[in-house]
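Please open the model in your viewer and keep the sequence panel beside it, since this tour moves from one selection to the next. At each stop, make the selection first and then read what is there.

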Amino acid sequence: MSRSGPRRTVESAFGRVASSLPPSATLTRAGLGAMLVAAGVHKLLDPAAWAVYVTDWFAPFLVVSPVAFMLINGWLEIGFGLALLADRYTAFAAAVAAVSLSATILYLLVVWVTTGLFGDVIARDVGLAALALAVFADSASDD
């Protein structure tokens with residue numbers, strides 16, 4: 001089957017755009033790093049907005065208040081995000097992100113099953129955890 005007409009034109013345009021992009025490994029690492037920095041900065045600017053994810057039954061397990069927990073998390077996320085953006089300690093930073101996101105998914109699954117809350121966040125975090133695993137797999141295989 002030959003390609004012709006509009007389909008060929010669209011595929012050719014996509015190919016030109018794709019060939020001008022950085023390598024996939026660079027895009028995934030930079031995307032994960034940027035997301036971590038953005039989330040960390042937002043946690044520092046508005047920790048109360050993030051503290052709503054800490055349920056009443058989980059709060060006693062924290063050694064600090066939910067707001068303080070988010071502030072600490074914010075600084076950590078900025079640090080790991082900057083490491084990814086700088087391509088330093090990439091496997092470690094991506095592994096931490098993958099473990100953190102996976103733990104968050106498990107916690108939010110419990111919350112979702114018991115309350116119906118945060119299903120949208122779970123859906124997003126599954127994709128982010130997969131992104132973190134992809135960055136980890138790529139960077140760990142380079143070592």
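Which residues have the most contacts inside the largest nonpolar core? Keep in mind while you look that this is a predicted model. Select Leu32, Leu84, Leu108 and Ala132, because these are the residues with the most contacts inside that core, which has 20 residues and, like any nonpolar core here, is built from buried residues joined through side-chain atoms within 4.5 Å.

Next, colour the elements that give two or more residues to this core, namely helix H2 (24-45), helix H4 (66-85), helix H5 (90-115) and helix H6 (119-142). Helix H5 gives the most to the core, with nine residues.

Now stay with Leu108 and show its surroundings. Leaving out residues up to four places away in sequence, Leu108 touches Leu117, Phe118, Val121, Ile122 and Asp125. After that, select Ala39, Trp50, Val54 and Leu62, which are among the six residues of a second, separate core.

The next stop is Lys43, which has its place in helix H2. Is Lys43 buried or exposed? Its relative accessible area is 5%, and because buried means under 20%, Lys43 counts as buried. Display the residues around Lys43, and you will find that, apart from its neighbours within four places in sequence, Lys43 is in contact with Trp50, Met70, Leu71, Asn73, Gly74 and Glu77. Trp50, which you selected a moment ago as part of the second core, is thus one of the contacts of Lys43.

Finally, zoom out and show the whole chain as a cartoon. The chain has six helices and zero strands, and when you read along the sequence you meet them in the pattern α-α-α-α-α-α. Turn the model slowly, and compare what you see with the C-alpha trace, which spans about 65 × 35 × 30 Å along its principal axes. The radius of gyration of the chain is 19 Å, whereas a compact globule of 143 residues would have one near 15 Å.

Switch on the surface as a last view. The accessible surface of the chain comes to about 8,800 Å², and 70% of it belongs to carbon and sulfur atoms, while buried residues make up 29% of the 143 residues. If you then colour by charge, you can look for the 8 positive and 10 negative charges, whose mean positions are 15 Å apart.

Methods: Residues numbered from 1 in each chain as written. Predicted model: local features only at pLDDT ≥ 70, side-chain atom pairs only at ≥ 80, totals over all residues. Heavy atoms only, no water. Helix = DSSP H or I, 4+ residues; strand = E, 2+ residues; numbered from the N terminus. Rg over C-alpha atoms; globule rule 2.2 N^0.38 Å. Buried < 20%, exposed > 50% of the residue type's maximum accessible area, 1.4 Å probe, protein only. Areas by Shrake-Rupley, 256 points an atom, 1.4 Å probe, with all protein chains shown as cover. Lys, Arg positive; Asp, Glu negative; His and termini not counted. Charge placed at Lys NZ, Arg CZ, Asp CG, Glu CD. Contact = heavy atoms within 4.5 Å.
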